[in-house]
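Welcome, and please open the model in your viewer with the cartoon display switched on. We will move through it one selection at a time, so keep the sequence panel at hand.

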Amino acid sequence: MPIRIIRPGREFAVPIGDATFQVRRMTDAEQLSFDAAHVPGSPARAMAYVKAVIVGWSNVFLEDGHAAAFDSELLVHLPYDTVLEPLLERLRGGPDPLAARAASATLPPSTGTPSG
């Protein structure tokens with residue numbers, strides 16, 4: 001599995017189901033400014049972060065079946081466990097949610113000891 005480095009300030013696509021979300025990593029300066037403006041651990045900070053880093057989507061639909069144009073105010077309506085959490089995990093450098101199936105078949109068992 002290739003490893004892709006995504007520099008701060010760059011956008012990348014994250015597929016979730018049939019939808020694709022455009023996500024942008026904050027630069028260090030943006031992160032410092034964000035941290036100064038939001039109370040750590042607050043729900044308002046969490047939603048502000050989601051709105052700051054998710055910058056687009058495709059193949060997302062409204063309840064009436066019409067395609068939803070990207071609107072950061074609609075992000076609050078996305079399911080956390082199946083959409084927002086995997087997106088945030090990717091921003092933290094976590095595993096690709098689509099690669100989890102292949103990883104168990106391709107990674108060798110750990111042979112190291114806890115001390116290294």
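How many bridges join β1 to strand β2? Select residues 19-24 for β2 and show β1 beside it: six bridges join the two strands, and they run antiparallel. Keep in mind as you look that this is a predicted model.

**Step back to the whole chain**

Colour by secondary structure and you should find four helices and three strands. Following the sequence from its start, the pattern reads β-β-α-α-β-α-α. The protein has 116 residues, and 25% of them count as buried. Switch on the surface if you like: the accessible surface comes to about 8,100 Å², and carbon and sulfur atoms hold 58% of it. Among contacts with a separation of 6 or more, 44% come from residues 24 or more positions apart.

**The sheet**

Now hide the helices. The three strands make an open sheet, ordered β1-β2-β3, with antiparallel pairing. Its edge strands are β1 and β3, each of which pairs on one side only. Turn the view to compare neighbouring strands: on average they are turned by 25° against each other, direction ignored. Next, bring back helix α2 by selecting residues 43-53; this helix packs on the sheet and touches β2 and β3. The direction of α2 makes about 60° with that of β3.

**Along β1**

Select residues 11-16 and show their side chains. Which of them point to the buried face? Phe12, Val14 and Ile16 do, and these three are buried. Glu11, Ala13 and Pro15 point to the other face and are not buried, so the side chains alternate along this strand.

Two of these residues are good places to look across to β2. Glu11 stands opposite Arg24, and Pro15 stands opposite Thr20. Then centre on the hairpin of β1 and β2, where two residues lie between the strands. Here Gly17 takes a positive phi near 60°.

**A last stop at Asn59**

Where does Asn59 lie? Look in the loop between β3 (54-58) and α3 (80-91). Check its backbone: phi of Asn59 is near 65°, a positive value in a residue other than glycine. Is Asn59 buried, exposed or partly exposed? Its relative accessible area is 43%, so Asn59 counts as partly exposed: the buried class ends under 20% and the exposed class starts over 50%.

How values were computed:
Residues numbered from 1 in each chain as written. Predicted model: local features only at pLDDT ≥ 70, side-chain atom pairs only at ≥ 80, totals over all residues. Heavy atoms only, no water. Buried < 20%, exposed > 50% of the residue type's maximum accessible area, 1.4 Å probe, protein only. Pairing = 2+ DSSP bridges. Contact = heavy atoms within 4.5 Å. Areas by Shrake-Rupley, 256 points an atom, 1.4 Å probe, with all protein chains shown as cover. Axes fitted to C-alpha atoms, helices over the stretch in contact; angles between N-to-C directions.
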